[in-house]
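Trainee: I am new to this entry, and I would like to take a close look at one part of it before I turn to the rest.

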Amino acid sequence: MTASGNSFKRPREVTFDRLHTFHGGLRLPGHREITANRPIGKVDIPPLLTIPLQQHIGNPGKCLVKPGDTVYKGQVLAEAPGRFSVPAHASSSGTVIAVEERLIPHPSGIKENCVVIETDGRDRGADQQQDAIDYLQIEPARLCELIQQAGIVGMGGAGFPTQIKLCSPKQHIELLLINAAECEPYISCDNRLLQERATEVVEGIRIMRHGVQPDACIIAIEDNMQAAEEALRAALDAVNETGITITRVPEIYPSGGERQLIRILTGREVPGQGYPADIGIVCQNVGTAAAVYHAVSKRQPLISRIVTVTGEGIAQPQNFECLLGTPVSQLVSAAGGYTKDVERLLIGGPMMGYAVQNDNIPVIKTTNCILAVSREEMPAPPPAQPCIRCAKCTDVCPADLLPQQLYWYASSNNYDAAQDYNLFDCIECGCCAYVCPSHIPLVQYYRHAKTEIWTQEAQKQAADIARRRHESRLSRLQRIKQQRADRMARKKQALAGDDGGKDAKKSAIQAALDRVKHKKEQTSSTPKNTDNLTAEQQRLIAEADVRRQQKQSGNNN
Amino acid sequence: MEFKTYSSPHLPVSGSVSVMMLRVLLALIPGTFCAFWIFGWGVLFNILIAAITALLAEAMVLKLRGRSALAGLLDGSALVTAVLLALALPPLTPWWIPVIGSLFAIVIAKQLYGGLGYNPFNPAMAGYVVLLISFPLELTLWSAPGAHPGFMDTLSLIMTGNLPAGQSLDAVTMATPMDSIKTRLGMSETLSEIHNSPLFGSFAGAGWEWINLWFLLGGLWLLQMKVIQWQIPAGMLGGLAVIAFIFYAVNPDIYSTPLFQLFSGAAMLGAFFIATDPVSASTTPRGRIYYGIGIGLLTYIIRTWGGYPDGVAFAVLLMNLAAPTIDYYTRPRVFGQGGGNTP
């Protein structure tokens, strides 16, 4: 595939002037025109804001407020516990009424710790406004700090903390790639953002470029977004920016996926378990660029975002800018409410988004689309039939996997084989399930298998720890036993030695007695002053001798 | 308000097994009609008998297995198996031949292995090969191209074995071109002599060349509708043509032309409709090419040096055996697993 009708002005010697392809993918019905031509609407400050402490990949934030606290707009509610995290801010002013677990947007409908703010409607900011910053005057490291403090995460959907991507000092970055390829049907929030606020996006890109210092900077935009592209060009021209180029990419789902987009633009593949930075590329969404602009130039944290509210289940589909923490129900009301046919409510697009049971959940940093669909629009999936191995899934898989084999192994719980067939390279784009003539919910099988493997792995780790503990206990017991045995053996040996000692003692006594006898004999033979003694005196001497002898033998004992 | 929840993707699905099978049946119509035109009513009787047997057998086994018989019948796979088997049978064969073939194909080759999606062998070809080995005589009863008996005569011949008064079986049946080549080459005739017989047409067997042509067209339509992928037909026809060309170049007196090979017997039916049965074929992109080439080469080898005039059925079954191994060794390189960066 080549870029047709595009003329590039290349910034430096590194060029990415040829488009590449990725395997598979789908041309899907767009459904974007419903919202792409209507302006971004405003949503009133809701009476209650529900702000989850964790809205992104990484560690949960540490809560700094308690019920009863008054908070101002932009106040930090939860601080980032480390480099892999960002803080959460109050989207408007008011009173904290609860810090508790609330339903959050999640495929499994789970609850997370949230700060609930009763707004006062005054939207009061901090007393002291922070000064705007000229980004060119500051160090890239400081830039990353500012971006982290503003709570910015990837706004395309994955929610990866932005500062981590922007600050990878060990790697020289060749390309800063700005993702404006909004490939999932129905979603148009990036499209509208570009049409209405291209200047902010361009400023944000320039700030990020200052942080990354890449050789080249490209905005990739889908070839069906003419109005957005024109707005972008105008914004670039307005500031005489020639170092940023715009490249059209074909509208093939999932061309907006980071790995697929990088492949299209550069022909390079991000390693399976690696990151784009590993091959010298940083990829950022246009929404993130706008947030970066606000964070650095305006010193405003990320407290609002643009959300596409669409589908046949919505009375007046439109894009809205709303505060983070706004209930989905209020956003739907702003779009005229549900139609009577509404049956399914999706967060995200129709391919990778998830269905939720309830609209009493807040908009968070990664919520790009609220899709309410009718039964006619998306009927319940027909019952699954056996896989006939037609390999249509293989033909559309953008990760070059063999989905039919993965299904075979995942459904038979043969997880080793599934991993051998690269289950974890599956990006869950849903292409395989979309084309499956047997209507098998393939992605569900892969997700289940992944979860099972993670669980098994965790269990295995726990078991390993338990086994190591058990083994070390056994060896400790063994050691103690051995020591005890050694001590016993030594004692025994000592006792055995006593037997020999007895003999030695006896002989020693005997020797002493002999010596005494001998001495006595000598004494008796030598003339002494004991001659001519009375009988009485001799008796006393004999008694003393006996005593002495006894004493001597007693000493020997 | 409670909403319904399903797993992603949510966009309505784009196809179904029934539609695929229906398209296969539609694509078979031109070739089938051509076969009817040339070989007469027997072609349609075979299809009818095989189809009824196959559907009844499928429904019965599904009921025994406690599955929904209706859903099983509606996927259309049993019907496709029956039609493919019937198209491989000679038109004047007795009624119990398609019955036995269909029963074996559906009950033993398909359902006993677990039904649709689980059969290691192509059911139609398994049924056909059982018939070919068990009833060789009944499988030679081809009517003479263009000179077939009428509706009632055919019906009586198939149902009772009774020929119309004053006719012998030899008079209404005729060897197929491939059969005749095999016999007459054995009698030391050269191909150019053999081709002078009225059994041969413009570039292949009389009648057969047109049937093959129409199956080719049907197959191309299937390709265009994306019911099948190009690798298996291209591999099979390519393999067959290349090996045929090599031997033809060496000795055109005893080895027929690549064109003859491609448009004779079950070549086109095999390439587009039989070898492409997804369940028993190789499924990796590269594997499908090797699988097709294997069938092409084996078909030629069996046709030329084997004991049977045509070799498509045996070739397909042999490659069915090899498919899992081919799949194992032709796994595609996964995205991001090295070696994929284009400069």
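Trainee: Which residues of helix 10 of chain A are buried?

Mentor: The buried residues of that helix are Pro403(A), Gln404(A), Gln405(A), Leu406(A), Tyr407(A), Tyr409(A) and Ala410(A), where buried means 20 or more other C-beta atoms, placed from the backbone, within 10 Å of a residue's own, exposed means 12 or fewer, and partly exposed lies in between. Helix 10 of chain A runs over residues 403–411 and is mostly covered, with 7 of its 9 residues buried; helices (H or I, at least four residues) and strands (E, at least two) are DSSP runs, numbered from the N terminus. After helix 10 of chain A comes Asn413(A), with a positive phi near 55 degrees.

Before going further, please keep in mind that this is a predicted model, in which local features need pLDDT of at least 70 and side-chain atom pairs count only at pLDDT 80 or more, while totals for chains, interfaces and linings use all residues. Residues are numbered from 1 along each chain as its sequence is written, chains are lettered from A and ligands numbered from 1 in the order in which they are written.

Chain A, to which helix 10 belongs, has a mean pLDDT of 87, with 92% of its residues at 70 or more, pLDDT being the predictor's confidence in each residue, from 0 to 100. One stretch deserves caution: over residues 1–13 of chain A the pLDDT stays under 50, and the model has 22 contacts beyond four places in sequence for them. Where pLDDT is low, the predicted coordinates should not be read in detail.

Chain A as a whole contains 14 helices and 17 strands. With a radius of gyration of 41 Å, well over the 24 Å that the globule rule gives for 557 residues, chain A is more spread out than a compact globule; the radius is taken over C-alpha atoms, and the rule is 2.2 Å times the number of residues to the power 0.38. Along the principal axes, the C-alpha atoms of chain A fill a box of roughly 150 × 65 × 55 Å, and 47% of the 557 residues in this chain are buried.

Asn413(A) has company among the residues of chain A with a positive phi. Asn422(A) shows a phi near 65 degrees and sits in the loop between helix 11 (415–420) and helix 12 (431–435) of chain A, where it counts as buried because 22 other C-beta atoms lie within 10 Å. Tyr186(A), with a phi near 75 degrees, belongs to the loop between strand 9 (175–180) and helix 4 (189–212) of chain A, and it too is buried, with 29 other C-beta atoms within 10 Å. A further backbone feature is the cis peptide bond from Tyr253(A) to Pro254(A), whose omega is near 0 degrees; Pro254(A) lies in the loop between strand 11 (244–249) and helix 6 (258–266) of chain A.

Chain A also meets a partner, and the contact takes 56 residues from chain A and 39 residues from chain B, two residues being in contact if their C-beta atoms, placed from the backbone, lie within 7 Å. For the complex, the predictor gives an ipTM of 0.89 and a pTM of 0.83. Asn358(A), in the loop between strand 16 (354–356) and strand 17 (369–374) of chain A, touches Leu103(A) and Glu2(B), leaving aside residues up to four places away in sequence. Asn358(A) is partly exposed, with 14 other C-beta atoms within 10 Å, and although it stands 29 residues from Ser329(A) in sequence, the two are 8.9 Å apart in space, C-alpha to C-alpha.

Chain B itself has 16 helices and 0 strands, and its mean pLDDT is 90, with 98% of its residues reaching 70 or more. Its radius of gyration of 21 Å agrees with a compact globule of 343 residues, which would have one near 20 Å, and 52% of those residues count as buried.
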